[in-house]
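Colleague: Please take a close look at the aromatic pairs in this protein. I would like the ring geometry and the surroundings in one connected answer.

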Amino acid sequence: IPVIVKALHKQLKEKSLKSRQGCFCLLTELAHTVPGSLEEHIPALLPGIVFCLTDKSTSSTMRIDALSFFHVLLISHPPQAFQPHMQMLLPAVLTCIDDTFYKITSEALLVTQQLVKVMRPQGQTATSGGFDPKPFIKEVFSVTMKRLKATDIDQEVKESAISCMGHMVCHLGDHLGTELPGVLVIFLDRLKNEITRLTAVKTLTLISASPLKIDLTSILPEALSVLGSFLRKNQRALKLSTLACLTVLVTHHAASIKPAALEPVLSEIPPLVDESDMHVSQVSITLLTCMAKACPSSLAKISSSVLPGVFKLIHSPLLQGGALLAILDFLQALVTSKATNLGYSQLLKSLMEPFQSSKTSADVLHRQSYHSVARCVAALSSASPKETPGTVTNLIQQVKTSSSPESARVLALLCLGQVGRNGSLGGSKEVQGVILEAFSSTYEEIKTAASCALGGMAVGSLNEFLPFILKEISAQPRRQYLLLHSLKEVISACPACSLSPHVESIWALLFQHCESQEEGTRNLVAECLGKLTLVNPAQLLPRLKQQLKAGSPLARSTVVTAVKFTIVDHPAPIDSLLKDSIGEFLKTLQDSDINVRRVALVMFNSAAHNKPSLVQGLLGTVLPHLYKETQIRKDLIREVEMGPFKHTVDDGLDVRKAAFECMYTLLDSCLEGLDVLQFLDHVEEGLKDHYDIRMLTFLMLARLVSLCPAAVLQRLDRLVEPLKATCTTKVKAGSVKQEFEKQEELRRSAMRAVAALLAVPEVERSPSMAEFANQIRSNADMASIYQSVQGGEGGGMGPTEGMDIS
C-alpha cells in the first residue's frame, strides 16, 4: 500500500484528467476494501484532494470523484487523522457547496456532514481530544444554512442540506445559540413537505438521540402530530422511520411530552399491530413499550384500542422471533408501570381465556399460539414475582382438573414449563407428580406438553429436576420417549458450565438406551449424545468414536447419527476436532449393516451441507461408497403378502434416497471435487428409479445443465430416453387419484429438466434431442406441460425460442 499511495500521490497533481480519475477510483476501492489502511498516508493525500477541488482547470467530473473519495476516506478512518488539517480542508469543501452544479453541491454537503463529525466526534465535550471546533462552526453553519433555506434547488441538494444541518445540530448544537430555534422551525417545515419528509424524519431521529440533549420543546407538539399522520401513509419506509423517530423522542424527551400530545400517535397504532407485517408490528410494539416506561399515563386508554390487536397477534401462528420478544417486553412494561386499568390478573385472563373453551381452541388456535402465550405468561410472572406462587398453584390445578378442556390443560403445562425455566416454581414435589400423571393421559398433546414442561423446569432448576428425569428414564420404559424429549430440552438450553457436573451421569444413561429397538427413541438418544458432546468436545468426541468399535449395529447407527448433531451451521469449537476425526465415522459407509450405512450417508450429507470443509478432502474415499449405494436395489426387493394381495417392499429405497440426497448436496458444496461424467452415470440411473429419486435427479439434471453444460452434452443421448419415458408415460385407467397426481408431478419435473436442456445452444446438434423436441411440439398434452413450466426452474426454450408447440 505505501508504494501504491506514493505513486498515486504524484499522479493526483498531474494535468491528465484520466490519470487523476484513475487514481481516485483506485484509492476509493482501497479505502472501501481495507478500512483504515490509508491512515498514515492521509497527510500526503489531502493536498492532492484540495488541489483537485480548488484548481480552476478541474472538470466537474473530477471534483465529484475527488469529493466521493474524500467522503469514503472520512467514513473509513478515525477523526483524529483529519483534525490537524481542518484549516486546509474546510475552505476547499465549502467552496464546492456554492458550486452551480447540483451534483458537486450535494456531494460537498455529504463530505461536510462527515467533517462535522470530525470536528466533534459523538460524545466528546467542547474541547476534549485536544481539538476546538469553535473557529470553524460559523462558516460551516452559514454555508449549509444558505442551502437549507433554499427551496428552488434540486431534490438531492435539499436532502443533503437537511442531513448535513442535522449532523451540525446533533454534534455542535450547543454552539449554535440563537440560531438553533430557527433551524428547528425549518426542520419542522421540511417534515410537512411530502418531498423532504422522509429525510427530515431520519434527521429528527438523529437530533433527538444526541447526547447534547437538544431542546425540542418549541416544535415537539406539532412534530408529534405530523409524525402521527405519517403512520397512516402507505409508504412502508416512512412508517418504519417514523416509528423509530417516535421511539427515540419518547425515550429521550419524555419530560417535555404531555400525554395529550401522544394521542395522535396512539390513535394510528392499532392498524399497525397486525400479522400481515410482523416487522411493522414489532417496531410499533417497541414504541408502546417505551411509552409504558417513559410516559405511562399516556397509555391509560389503550385497553380498548391497542391491546385487542396485541392479543390477536399473540394468538397468531405467525408470531415468532423479534416480534414475540417485543411483546414480552411490552407486557412486562405494562405490569411494572401500572399504566392502565389492566393489571396482572386481567392481562393473564386475556391471554388464557381463548383456551378455556374446547370449541374455540379447536376452531381457531394454532399449536404455535400455545407456546407464544406460555412465554407471555412467564414474562408477566417474572415481572410480578409476588403473583407467581398463586399463578403456579392455579396452573397446577388446571392440569389436574380432568374436566378442563384439553387446550386449557396443554396450555397450563406449557406455562408451568416456561415459568419453571425462570426458576420460579418453588416446591417441586407436587409439580413432578402432576407431570407424571400427565404422561399417562390419553391425549397425545397433553403428554407432549408435559414432556416440554419438564424440560423447561429442569433448565431453570437443574439440580432439582435433572436427577428426577434421569431416574425416570431408567424406571419408566413406557415413558422413555417423552422423558428423553425433556432431557433433549435440558441439554439444548443449558449453558455448558451448568451441565458439566452432570455430563458423566447423562452420558452413561444415554448409552444404556442406544440400542433401543424403537428408531424414534434411538434418534432422540443420538440427538442428546450429539448435543452433549458439544459441551466438552475434546473429552467426549474421542469417546464417541471409541463406541464405534464396541457396539452392535443399532449402537453404531446411534453413534453415527449423534455425529450429525455435532455439525452445526456456524463456527464452533468442535470444528477442528471433527475435521481430524470425521474420516473414522465415515468408514461406517462400508458397514455390513444397511441401516448403519444409511445414517452414515445422512451424516455425510449434513456435513457437506453445513460444513463442506470437513469432507472436501475425503471425497476420493467417500464417493465410491456413495455411488455404490445408489445401485442397491435388486437384491433387496421382496414381495410381502397382505391378505389376498401381494405388496412389493424395496428395502434398499431409503439408503438409495440418502445417497442421491448426498449427490444433490455435493453439487452445491463440493462441485470442484467431482468427476462430473462419473457423477452423470449415476444421475442417469436415478432417472429410472423410484418416484422420490426420479424427482430428485430431475432437479440434479437441471442444476448440472447450468453448472457444467459441456459434460451434460456428452451424455445427452443417454439422458434423453429416461426423460422421454417419464414424459410420455400415462397412468392406467382406473388408478386412484394419488397415482394420477404423482405421475403428473413427475412429468412436470421431467419437463423442467427438458426445458433446461433446450436452453443450451449446442443441444440442437443431438438427433435424439431434436426428435424429442419435435415430439413435444406435435403432442398437445406435452406441449401444454412444457408451456406451463416456462419461467419456472429450467428457464426458457433457448435455441428453440419461439418454437410453435401450441
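Modeller: The aromatic pairs come first, then charges over rings, one helix and the whole chain.

This is a predicted model, where local features need pLDDT of at least 70, side-chain atom pairs count only at pLDDT 80 or more, and totals for chains, interfaces and linings use all residues. Residues are numbered from 1 along each chain as its sequence is written, and side-chain values use heavy atoms, with hydrogens and water left out.

A search of the whole structure finds six aromatic pairs. Rings of Phe, Tyr and Trp (its six-membered ring) pair if their centres lie within 6.5 Å; planes under 30 degrees apart are stacked, over 60 edge-to-face, and the rest tilted. One of the pairs is Phe 24 with Phe 69: the ring centres are 5.8 Å apart and the planes meet at 40°, so this pair is tilted. Phe 24 belongs to helix α2 (residues 17–33) and Phe 69 to helix α4 (residues 60–76), so the pair ties together parts 45 residues apart in sequence. Helices (H or I, at least four residues) and strands (E, at least two) are DSSP runs, numbered from the N terminus. Phe 24 is buried at 2% relative accessibility. Phe 69 is buried at 0%. Buried means under 20% relative accessible area, exposed over 50%, and partly exposed in between (1.4 Å probe, protein chains only).

Phe 355 and Tyr 370 also pair. Their ring centres are 4.8 Å apart and their planes are at 70°, so the pair is edge-to-face. Phe 355 sits in the loop between α17 (344–352) and α18 (358–363), and Tyr 370 in helix α19 (residues 367–383), so the linked parts are 15 residues apart in sequence. Phe 355 is buried, at 0% relative accessible area. Tyr 370 is buried too, at 13%.

Next, charges over rings. Such a charge is NZ of Lys or CZ of Arg within 6 Å of the ring centre and within 35 degrees of the ring normal. Arg 197 lies over the face of Phe 230, 5.6 Å from the ring centre. Lys 742 lies over the face of Tyr 691, at 4.8 Å.

Now the helix. Of the 17 residues in α32, 13 are buried. Asp 593 caps its N-terminal end, with a side-chain oxygen 3.0 Å from the backbone nitrogen of Asn 595.

Last, the whole chain. The protein chain has 41 helices and two strands. Buried residues make up 53% of its 806 residues. Its C-alpha trace spans about 95 × 80 × 60 Å along the principal axes.

Key:
A polar contact is a pair of N or O atoms within 3.5 Å; within protein, one must be able to donate a hydrogen and the other to accept it, and residues adjacent in sequence count only if both atoms are side-chain atoms.
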